[in-house]
Amino acid sequence: MRENISLSAEKKQEAPVTLGVQDIKKLIPHRYPMLLVDCVEIVQKSTEGLGIKNVTVNEPYFAGHFPDTPIMPGVLIVEAMAQTAGVIVIHGMDTADQQKMVYFLSIEDARFRKPVLPGDALMLHVTKKQERFNVWRFKGVAKVKNIVHAEATFTAMIANKK
């Protein structure tokens with residue numbers, strides 16, 4: 001189900017690691033209905049990955065977000081990108097460091113090009129752009145059938161769980 005995404009040869013240094021929903025739940029605290037990623041493929045440790053969200057008509061937000069023409073809210077698409085980034089970062093840390101949380105700090109340059117509809121397989125390509133201390137900056141691109149539907153740059157902070 002993974003779509004072709006061109007990645008440079010230098011980025012593909014190790015074999016990709018695929019994490020299912022049970023693995024994801026061990027890394028980030030989100031649960032239904034706010035867990036918005038079904039699978040994450042780590043392309044490069046701590047740097048790049050592909051999240052997959054299978055959008056179904058029974059998602060709770062469709063009851064109130066244009067019920068006659070259900071469209072996935074753009075803010076939830078960006079949240080799914082951020083969850084993918086969180087999985088990539090936490091997975092790349094040492095096991096002892098996996099008692100961390102990822103907190104959203106900012107969203108910039110968000111663009112919504114096409115609506116995401118029930119039945120779509122949303123592919124979330126997330127790449128780390130910068131890391132300073134405990135603050136990470138990412139670029140996310142959301143595609144359906146290899147067509148860009150949304151993109152954003154966002155920043156997150158890695159902190160200890162309380």
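**A tour of the strands and their pairing**

From the N terminus onward, the elements of this chain follow the order β-α-β-β-α-β-β-β-β. The model is predicted. With the whole chain displayed, one can count 2 helices and 7 strands.

Before selecting individual elements, consider the chain as a whole. Of its 162 residues, 46% are buried. The accessible surface of the chain amounts to about 8700 Å², and carbon and sulfur atoms account for 53% of that area. Turn next to the contacts between residues at least 6 apart in sequence: 63% of these join residues at least 24 apart.

Now select residues 48-54, which form strand β3, together with residues 121-132, which form strand β5. These two strands run antiparallel and are joined by 7 bridges. To inspect one position in this pairing, display Glu48; its bridge partner in β5 is Thr127.

Keep β5 selected and add residues 135-144, which constitute strand β6. Here too the pairing is antiparallel, with 9 bridges between β5 and β6. Strand β5 is thus a shared partner, bridged to β3 and to β6. For a single pair, select Met123, whose bridge partner in β6 is Lys143.

Finally, centre the view on the connection between β5 and β6. How many residues lie between the strands of this hairpin? There are 2 residues between them, and Phe133 in this hairpin adopts a positive phi near 55°.

While viewing the strands, a general point may guide the eye: in a regular strand, side chains alternate between the two faces of the sheet.

How values were computed. Residues numbered from 1 in each chain as written. Predicted model: local features only at pLDDT ≥ 70, side-chain atom pairs only at ≥ 80, totals over all residues. Heavy atoms only, no water. Pairing = 2+ DSSP bridges. Helix = DSSP H or I, 4+ residues; strand = E, 2+ residues; numbered from the N terminus. Buried < 20%, exposed > 50% of the residue type's maximum accessible area, 1.4 Å probe, protein only. Contact = heavy atoms within 4.5 Å. Areas by Shrake-Rupley, 256 points an atom, 1.4 Å probe, with all protein chains shown as cover.
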